[in-house]
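The following exercises concern residue environments in a protein chain. Each task is followed by a solution in steps.

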Amino acid sequence: NVYTVLSQMSYLHGSSFAAAKERLARTGSCYSNAVLDGTEYYYALKQMENAQWTLAFLVPAEYVAVNTQKLVNIVMVVIVGFATVFSIMAVIAGWFLLRERQQRELQAEKKTNLRLEQYNIQLTQANDEMRRAQDAAAEALQSAERASKAKTDFLSNMSHDIRTPMNAIIGFTSLAATHIDNKEQVLDYLKKISTSSQHLLSLINDVLDMSRIESGKVKIEEKAVHLPDLVHDVRSIIQPNISSKRLSLFIDTMDVVDEDIITDPLRLNQVLLNILSNAIKFTPTGGMVSIRIAQKPGAPKGCGNYEFRIKDNGIGINKEFQKHIFEPFERERPATASKVEGSGIGMGIVKKLVGLMSGTVEVESKIGVGSTFTVTIPSRIASQEETQAKRETTPSDEKSLCGVKILLTEDNDLNAEIATELLREEGCAVDRAKDGVECVDMLEKAA
């Protein structure tokens, strides 16, 4: 009986016939290894599915692990071979390492000497750089001193320029109060007060603009601009001054193919108006001021180089001062000496703004002949979609404020009074809140 023989075998690794038989009954198959008459066997039992038979397989262990034993023997031979080769290579490598160590020591000594020479060279270079740095520091100090002196001179001149309109405002206000019953005289005083106020405001605005530009607070905001509209706006602003001095104004374009561009219209306007303001101020009555706009060739695809050339036949600019005309806080002579009002920093603002727009500005002038300022601004050409969007967002005509209800929020009583009167003159119904909290309360009550 096969089971009797299997049960009498000596089992290895903690196995037993009872465990194998139990696994056969449970899973339908089992396997184990045991010793019979001094020979180790592997056996397996498999219950057939469609018959009451159990297949038994019994194989001597030596035949099962033949390939494994061969593999083990081969591996041992390989290991011994590798060990022998490694030992030989270790001896050779040791000899090479010893020899290389000696060579490295020689090379290290050479490198040390070379390093010493390099250190001497670097030390010499460091001394040269230190001397250059000292020279640069001295130059920077001189530049700072020049800038400080320029600012001091500027403030000295500006103090008088600011005090002059202030004295006029105070003086004419006092005279108006004295002649309050003389309507015509009071109106004349008020006109002079308004003129002095505008001049004072212009001086202060120039100083504030330069301060904002130098502090980096001015950012270029690019929008779609129609050049003819921009020129029309500029002309509308300067026309009163042109007419009052009986000057001739000429505006023309040259080779302008793309009239819709992407740029900052506010800053470009400010640049052109600053230059035109000087041209008007320094051109005598009956003189001529011209503006020429040209589109220069050579720009990349989708872009254009636009040149704005402003020319006058005024008093001209001293050749020496032309080198400093765009420097902040510089002017050729005080306003009191030239008899022309101005802060003297308009050209500095122009230079800064043109630089922010990646452009250039140049001047050519001759005493008694006139001056020509050339501003070149690179701009991207507006696409049809951007041009259409610009037209859709531009109001077709100016709407009247008559009848509009205004909630004015202003904490300064004087400013509030002026704004209220101006709005009421336009026909607005004005209510005033003194601060944000009161404004919210009034909005809630209105709702």
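**Exercise 1.** Determine whether Thr 263 is buried, partly exposed or exposed, and list what it touches.

Solution. Step 1: the relative accessibility of Thr 263 is 4%. Step 2: buried means under 20% relative accessible area, exposed means over 50%, and partly exposed lies in between, with a 1.4 Å probe and protein chains only. Thr 263 therefore counts as buried. Step 3: Thr 263 belongs to strand β7, residues 260-263; strands (E, at least two residues) and helices (H or I, at least four) are DSSP runs numbered from the N terminus. Step 4: contact means heavy atoms within 4.5 Å. Leaving out residues up to four places away in sequence, Thr 263 touches Glu 221, Glu 222, Lys 223, Val 225, Leu 268, Met 357, Ile 377 and Ser 379.

The model is predicted: local features need pLDDT of at least 70, side-chain atom pairs count only at pLDDT 80 or more, and totals for chains, interfaces and linings use all residues. Residues are numbered from 1 along each chain as its sequence is written, and side-chain values use heavy atoms, without hydrogens and water.

**Exercise 2.** Place Ile 238 in its element and decide whether it is buried or exposed.

Solution. Step 1: Ile 238 sits in helix α6, which covers residues 227-244. Step 2: its relative accessible area is 5%, so Ile 238 is buried. Step 3: apart from neighbours within four places in sequence, Ile 238 is in contact with Leu 249, Leu 273, Leu 276 and Ile 280. Step 4: the C-alpha atoms of Ile 238 and Ala 168 are 25 Å apart, with these positions 70 residues apart along the chain.

**Exercise 3.** Characterise Asp 255 and Ser 358 by phi, location and exposure.

Solution. Step 1: phi of Asp 255 is near 55 degrees, a positive value in a residue other than glycine. Asp 255 lies in the loop between β6 (248-254) and β7. With a relative accessible area of 60%, Asp 255 is exposed. Step 2: for Ser 358, also not a glycine, phi is positive, near 60 degrees. Its loop runs between α9 (346-356) and β10 (360-366). Ser 358 has a relative accessible area of 58% and is therefore exposed.

**Exercise 4.** Classify Ser 174 by its relative accessibility.

Solution. Step 1: Ser 174 is located in helix α4, residues 66-178. Step 2: because its relative accessibility is 44%, Ser 174 counts as partly exposed. Step 3: Ser 174 and Gln 388 are 214 residues apart along the chain, and their C-alpha atoms are separated by 55 Å.
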